[in-house]
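Here are my notes for your first pass through this model. Keep the viewer open and click on each residue as you go.

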2 protein chains.
Amino acid sequence: MAAKHVKEMEALKEHLGKHQLKLTRQRELILNAFLRQEHITAEAMYHQLAKSDPHLGLATIYRTLNLFCDAGLAQARHFGSQTQYDNIAHKGHHDHLICTGCDKIVEFENCDIERLQEEVATQNGFIIKTHRLELYGLCSRCRH
Amino acid sequence: MAAKHVKEMEALKEHLGKHQLKLTRQRELILNAFLRQEHITAEAMYHQLAKSDPHLGLATIYRTLNLFCDAGLAQARHFGSQTQYDNIAHKGHHDHLICTGCDKIVEFENCDIERLQEEVATQNGFIIKTHRLELYGLCSRCRH
DNA sequence: ATCATTTTGAGACAGCTTATCAATTTCAAT
DNA sequence: ATTGAAATTGATAAGCTGTCTCAAAATGAT
């Protein structure tokens, strides 16, 4: 079992080493759970891990997910009233068309848009790690 | 004094009429203050308006800004731990490059991206009303 | 002007996240 | 392997943002 996510584990260890932080059972556990998903909230992970590890505290999960952000493995995204922690490894495929009439959501991907995003970023001296694109409007049925 | 933002005021009145809502002194006041900015938080507006109107409640500002969202004049955007209310009239200038290292925000506009967004929407039978595009990454200084 | 309806303001309340702190764990140096 | 300074954990308190409550006030159709 395990022995997956080797690359990410190395990245975490490197970050820990650089900052005089320690590798703990909880951090390993949370990393493995985190890497299995595309994105998750702290609360969701808390419930998910409670089955195998009932005494893992919610605060530890928050601390650890924020640590992953610092280490460049995760990225926090505020959505609604909660914070989603996105798995950096799964980037792309995250654009949405949202109908404000019926709340239908259509996912899409467009390479040309992504390329232009890179262009804009470069012009401004940025290196993009992730992005978020949402188009709000009316779908064919809600247009009347 | 005043007599500005006529178009938006008409739009608000139309929304109020359709939903059996009333035009109040506070709603006019908050609308005028809101339209002067590109985006603002409820808390910031609370402090801003406290000088001229010390008894305007924070709850009223939240309610009113959410009303503007319903009326299509504003758009809520969660950023950090707070909600930014964006002025729709300034759209086209609403895309952001956000540095995850220092939280610096660079605004940009790109017609080609907007055109491709329209294209994607049309392909899916949507008519876009607004959009949100945020690119997250590291600025030139935070890249080390 | 009247009056049913809506809105306001103030504070209580709720949800999500971080801070606190004693007890435990890690890990580098024996 | 043992030690001990430093970091981490878990439980809960505290903090922050935003919404709800409700009596008093304002609106606007009649």
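1. Start with B:Thr24: one of its polar side-chain atoms sits 2.8 Å from a phosphate oxygen of DNA strand C. That makes a polar contact (a pair of N or O atoms within 3.5 Å; within protein, one must be able to donate a hydrogen and the other to accept it, and residues adjacent in sequence count only if both atoms are side-chain atoms). In A:Leu23, a backbone N or O atom is 3.1 Å from a phosphate oxygen of DNA strand C. B:Arg63 reaches a base: an N or O atom in its side chain is 2.7 Å from a base nitrogen of DNA strand C.

2. A word on what you're looking at: this is a predicted model, where local features need pLDDT of at least 70, side-chain atom pairs count only at pLDDT 80 or more, and totals for chains, interfaces and linings use all residues. Residues are numbered from 1 along each chain as its sequence is written, chains are lettered from A and ligands numbered from 1 in the order in which they are written, and side-chain values use heavy atoms, with hydrogens and water left out.

3. Which residues come nearest to DNA strand C? Out of 21 around it, they are A:Lys22, A:Tyr62, A:Thr83, B:Lys22 and B:Arg27. Here "near" asks for a heavy atom of the residue within 4 Å of the strand. α4(A) gives the most to this surface, with 4 residues. By type, the surface residues split into 6 nonpolar, 10 polar and 5 charged. (Ala, Val, Leu, Ile, Met, Phe, Trp, Tyr, Cys and Pro count as nonpolar, Asp, Glu, Lys and Arg as charged, and the others, Gly among them, as polar.) On the DNA side, 77% of the strand C atoms within 4 Å of the protein belong to sugar or phosphate, and the rest to bases.

4. Now the salt bridges (a side-chain nitrogen of Lys or Arg within 4 Å of a carboxyl oxygen of Asp or Glu): there are 13 over all chains. One of them joins A:Arg25 and A:Asp53, at 2.9 Å from N to O. This pair ties together distant parts of chain A, 28 residues apart: A:Arg25 is in helix α2 (residues 25–35), and A:Asp53 is in the loop between α3 (42–50) and α4 (58–71). Helices (H or I, at least four residues) and strands (E, at least two) are DSSP runs, numbered from the N terminus.

5. Buried or exposed: which is B:Asp86? Buried, at a relative accessible area of 6%. (Buried means under 20%, exposed over 50%, partly exposed in between, with a 1.4 Å probe and protein chains only.) Its salt-bridge partner B:Arg77 has its closest N or O atom 2.8 Å away, and B:Arg77 is buried too, at 5%.

6. Compare B:Asp112 and B:Arg115, whose salt bridge is 3.8 Å from N to O. Both are in helix α5 (residues 111–123) of chain B, 3 residues apart, so about one helical turn separates them. B:Asp112 is partly exposed at 37%, and B:Arg115 is partly exposed at 47%. In chain A, A:Asp112, A:Arg115 and A:Glu119 are linked in a network of salt bridges.

7. Last, the cysteines. The model has 0 disulfides over all chains, a disulfide being a pair of cysteine sulfur atoms within 2.5 Å. Why is B:Cys139 not bonded to B:Cys99? The B:Cys99 sulfur is the closest cysteine sulfur to that of B:Cys139, but at 3.7 Å it is too far for a bond. B:Cys139 is buried, at 1%, whereas A:Cys111 is exposed, at 58%.
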